[in-house]
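Got a few minutes to poke around a protein model? Below are some short exercises, each with a solution to walk through.

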Amino acid sequence: MADNRQFKKRYILMALILVILAGGTLLLPEKYVSEELSPENLLKEINDNTRYIYPDDIAHLIISKDPNFLLIDVRDSASYQEFKLPGAINIPLKNLLDKDDAGDYKWEGFLNQDTRKNIFYSNGTVYSHQAWMLTKRLNYENNYVMKGGLNKWIETIIQVRRPEFDASEQELATYTFRKAASMFFGGGGTAASDDPVNIPAFTGKKKEKEVQEGC
């Protein structure tokens with residue numbers, strides 16, 4: 001019985017992945033289809049959980065002012081203006097594949113580079129996963145997903161829970177860090193900053209497109 005339930009869960013998961021893949025195919029312009037990652041390789045990437053970065057690690061990156069990452073909020077602009085993480089830029093999911101007047105992807109300079117980690121986030125992980133999959137299909141590297149999104153951020157970093165009396169040293173150390181981080185970010189679900197965040201000019205090294213051989 002347990003095996004049947006497990007099989008059913010896997011079947012549902014694979015069905016959802018295939019639906020998302022189909023949606024991604026519709027979104028990709030024909031011009032870029034030949035450059036995209038194959039479905040087989042994309043499935044391998046999906047099964048690799050190294051794309052996740054946890055809220056604790058992101059809090060550490062922000063507090064230490066690490067220059068080697070960029071937070072990308074893929075929610076709509078109204079949600080971004082209401083609450084955002086410090087330093088995050090806003091590229092709504094629906095605009096991720098917008099093109100400029102020259103016909104190139106408008107955000108490629110940010111999304112296809114090899115000088116820093118881009119971390120997508122949304123309220124949960126649905127939109128950020130879709131953003132990651134779209135960039136992965138275009139063979140863009142160095143793009144990651146915030147595990148659990150803002151919901152997990154609020155739960156772990158802002159509304160910190162005291163560990164049980166018999167907590168391990170590791171759990172106590174995590175609690176101490178989160179408590180300090182909560183104070184740094186305002187705590188209690190308060191927006192970290194209401195200051196406008198300007199989109200920084202891209203200064204990194206943009207990856208060169210591979211030359212496609214003609215027939």
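Asn139 sits in the loop that joins α7 to β5 (143–146). Keep in mind that this is a predicted model.

**Exercise 1. Work out what phi of Asn139 looks like, and whether the residue is buried, partly exposed or exposed.**

Solution. Start with the backbone: phi of Asn139 is near 65°, a positive value in a residue other than glycine. Next, look at the accessibility, which is 32% in relative terms for Asn139. Buried would need under 20% and exposed over 50%, so Asn139 counts as partly exposed.

**Exercise 2. Do the job again for Lys65: find its loop, its phi and its exposure class.**

Solution. First, the place: Lys65 is in the loop between α4 and β2 (69–73). Second, the backbone: phi of Lys65 is near 55°, again a positive value in a residue other than glycine. Third, the surface: Lys65 has a relative accessible area of 72%. The cut-off for exposed is over 50%, so Lys65 is exposed.

**Exercise 3. Describe how helix α3 packs on helix α7.**

Solution. Begin by finding the helices: α3 covers residues 39–46 and α7 covers residues 126–137. Their axes are 11 Å apart, and the packing angle is about 140°. Roughly antiparallel would take an angle over 145 degrees, so α3 is oblique to α7. The crossing of the two is right-handed.

Now for the residues that touch. From α3 come Leu42, Glu45 and Ile46, while α7 brings Trp132, Met133, Lys136 and Arg137. Sort them by class and you get 4 nonpolar, 3 charged and no polar residues in the contact of α3 with α7.

**Exercise 4. Do the analysis for α4 and α9: which residues make the contact?**

Solution. Geometry comes first: the α4 and α9 axes cross at roughly 50° and come within 11 Å. Since roughly parallel means under 35 degrees and roughly perpendicular starts at 65, α4 is oblique to α9. This crossing is left-handed.

Then list the partners. On the α4 side they are Asp56, Ala59, His60, Ile62 and Ile63, and on the α9 side Thr174, Phe177, Arg178, Ala181 and Phe184. By class, the contact of α4 with α9 holds 6 nonpolar, 2 polar and 2 charged residues.

**Exercise 5. How many salt bridges does the whole structure have, and which residues does Arg178, Asp73 or Lys152 pair with?**

Solution. Here's the idea behind it: side chains of opposite charge can pair when their charged atoms come close. Searching the whole structure turns up 4 salt bridges. Let's take three of them in turn.

- Arg178 bridges to Asp56, with N to O at 2.7 Å. Arg178 belongs to helix α9 (residues 169–184) and Asp56 to helix α4 (residues 55–63), so this pair, 122 residues apart, links distant parts of the chain. Arg178 is partly exposed, at 23% relative accessible area.
- Asp73 pairs with Arg75, also with 2.7 Å from N to O. Both Asp73 and Arg75 are buried.
- Lys152 meets Glu155, where the closest N and O atoms are 3.5 Å apart. The two share helix α8 (residues 149–158) and are 3 residues apart, about one turn of the helix. Lys152 is partly exposed at 34% relative accessibility, and Glu155 is partly exposed with 44%.

Conventions:
Residues are numbered from 1 along each chain as its sequence is written. This is a predicted model: local features need pLDDT of at least 70, side-chain atom pairs count only at pLDDT 80 or more; totals for chains, interfaces and linings use all residues. Side-chain values use heavy atoms; hydrogens and water are left out. Axes are lines fitted to C-alpha atoms, for helices over the stretch in contact, and angles run from 0 to 180 degrees between N-to-C directions. Helices (H or I, at least four residues) and strands (E, at least two) are DSSP runs, numbered from the N terminus. Angles under 35 degrees count as roughly parallel, over 145 as roughly antiparallel, 65 to 115 as roughly perpendicular and the rest as oblique. A crossing is left-handed if the near helix is turned anticlockwise from the far one by less than a right angle, and right-handed if clockwise. Contact means heavy atoms within 4.5 Å. Ala, Val, Leu, Ile, Met, Phe, Trp, Tyr, Cys and Pro count as nonpolar, Asp, Glu, Lys and Arg as charged, and the others, Gly among them, as polar. A salt bridge is a side-chain nitrogen of Lys or Arg within 4 Å of a carboxyl oxygen of Asp or Glu. Buried means under 20% relative accessible area, exposed over 50%, partly exposed in between (1.4 Å probe, protein chains only).
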